[in-house]
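Colleague: Can you walk me through how the labels on this model are earned?

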There are 2 protein chains.
Amino acid sequence: MAEKRRAPIVGRYTQEELALATRNSGMPLEALRYDLTPAGLHYLLIHFDIPAADAATWELRIEGLVARSRTFSLAQLQGLPASTVRVTMECAGNGRGQTSPRYPSMPWLEEGVSTAEWTGVSLSLLFKEIQVKESAREIVFHGADRGFDRGVEHSFSRSLAPAEAMRDDVLVAYAMNGQPLLPQHGAPLRLVVPDWYGMASVKWLARIEAIDHAFEGVQQMGSYHFRTVAGEKGVPCSRMRVNSLMAPPGIPDYYGRRRTVDAGWVEILGRAWSGSAPIRRVEFAADGVWQDAVLDAPTGDHAWRRWTARWNAPSGAHELRCRATDESGAVQPLDPPWDVTGFGNNAAQRVEVIAR
Amino acid sequence: MAEKRRAPIVGRYTQEELALATRNSGMPLEALRYDLTPAGLHYLLIHFDIPAADAATWELRIEGLVARSRTFSLAQLQGLPASTVRVTMECAGNGRGQTSPRYPSMPWLEEGVSTAEWTGVSLSLLFKEIQVKESAREIVFHGADRGFDRGVEHSFSRSLAPAEAMRDDVLVAYAMNGQPLLPQHGAPLRLVVPDWYGMASVKWLARIEAIDHAFEGVQQMGSYHFRTVAGEKGVPCSRMRVNSLMAPPGIPDYYGRRRTVDAGWVEILGRAWSGSAPIRRVEFAADGVWQDAVLDAPTGDHAWRRWTARWNAPSGAHELRCRATDESGAVQPLDPPWDVTGFGNNAAQRVEVIAR
């Protein structure tokens, strides 16, 4: 029902972008103070509508190239050994709203990231029982949410290579921060794929299918690719690029969100993460002068790392930035990397502050 | 730190408006299906930052023109008789983003409304102990959230006339839908003023003060007035105007949110509310032909009322609308009422649908 390819936008934001931003809440950056993002502050990207799901009758079907197809109820899954994994999840489109020209989609500025502890059953445990056949080339995860994108009606579905799906930390999750999943986070069941951008963590998970070919769904082949030219095949989005954010210090102005701090020593707090390798270093800059931030101990292999810095603010207007480097040597760029559909913008954050 | 009066905007949305929309999440309209809006789907309007609050050490001070000033801890308040009230709350600026020209502020389209059950201590119960003096003209409620608006630094504060504050259903709340308040909803304590627009329900409530004059805080005298001309005194926003919404039927397009339904009978579900009088009637229209909707029984004196309608959709493009009437005779207008700063837009919703 919509054009297949949408024309790039320059300048102010359209009502369609605004409607997506109002539906798909970001994490207010002061929530970087929490190790675990509280309920309702975790970012959301919901492509279609939140389905009306009944946990009591929900079924997860696993089928296709498997030795034993099976259907699990929520209660059956809850009866299996549980795993809990702390996961920093980021939308692949985070930062899109700061690129120009930009693709018409969710115009995240920088707040599409959060951390939660997910509890559920390791997918590899289910697969031991189901026995995926050697002929399986991909595992497809089908959500119950349905709608149109790029002119095609479909349910939200994504695939993983079997080796990726079999990682012990990939969960079929039924709880978040110790509570049953909320409707907007995929209740009663969702996939959680640590280290990957959020599109892999299919919500309202209804069916898992082992297939002998490359899955060609809209969300797999159409969207979620890095592309420098419209229409090219591109590189699939997978693991999160190295990134970091600071909680803007001081107090805000309501409309412009500009910050005011008292001149003198200011404590800066932030988080850094990468889906590709552990965080090695975080740097903080005031007015272009970079210094090393202090890294807290890691709190999990898949979770953001807290960092702090101290800044002696002189009176006047300043620009603060931060950038992280991971153990692979990847470092955040200072300017947005070019991408036609606005994926993977991990450019170093800018925060404008007035010290008084 | 910002201009005192902001220039009106026409057309596409500014980055400042987008940043507010991403912070201040709306209720996705499919959540109209829930009698009580689940955690994390309740709309939020947070003027400044969510404060870092410690429930264990939080204190609520009640002072000013009272016989006995007192300070309450959370535990002390939880030890008093509790009340629970089901409340539909709406932002006074709901619908601002659909007006033109529009005031630069949170550009709600229509999703700034939700319903929760709040539990806490009736303010009138606290006042029996504190004994507000007869000379008190207003009761001021001070939140801990602080920042600039219209060029003035202040904490978010609002006042009520004593008679309004003494209503039995006005609560100092510490729980929402049976759970401790979430940080973004005012943890550990907030005021809840049923029937009024949300600005009266001060979050992160730290101090209550009885004063002998009209409170002149920025959020009381500057903002939250109905004004037809910039700069005029205006009429304070108080009780919610009659309003209604439907959950858009069928399935959406990701970007444009346009809806597709199957031709034939379609079930329509919505909610109607008014802070001024009970809902008397809801009408539903397809392509300008109005019919009465069916009203469910009320679920509380301060909560929205569920309604349903059936529509026999012919193939093609259609416009759906709904409008409510309350017992005072107030009915929603078909077009936005003019207001300089975009308050109280209760124009009948429009939903575009294609039946196939």
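Modeller: Sure, start with A:Gly120, which sits in strand E4 (residues 113–122) of chain A; strands here are DSSP runs of E, at least two residues long, numbered from the N terminus. This is a predicted model, where local features need pLDDT of at least 70 and side-chain atom pairs 80 or more, while totals for chains, interfaces and linings use all residues. Residues count from 1 along each chain as its sequence is written, and chains are lettered from A and ligands numbered from 1 in the order written.

Colleague: Why does A:Gly120 count as buried?

Modeller: Buried means 20 or more other C-beta atoms, placed from the backbone, within 10 Å of a residue's own. A:Gly120 has 25 inside 10 Å, so it counts as buried.

Colleague: What does A:Gly120 touch, leaving out residues up to four places away in sequence?

Modeller: Contact means C-beta atoms within 7 Å. By that rule its partners include A:Ala82, A:Ser83, A:Leu171 and A:Val172. As for A:Val192, it is 72 residues away in sequence and 9.1 Å away in space, C-alpha to C-alpha.

Colleague: Over in chain B, what makes E1 and E10 partners?

Modeller: Pairing takes at least two DSSP bridges between two strands. E1 (residues 59–64) and E10 (residues 205–211) of chain B have four and run parallel, with B:Ile62 opposite B:Ile208.

Colleague: Why are E2 and E6 of chain B edge strands?

Modeller: The open five-stranded sheet runs E2-E1-E10-E5-E6 in chain B, with mixed pairing. E2 (70–73) and E6 (152–160) each have a single partner strand, so one side of each lacks a neighbour in the sheet.

How values were computed:
Buried ≥ 20, exposed ≤ 12 C-beta atoms within 10 Å, placed from the backbone. Contact = placed C-beta atoms within 7 Å.
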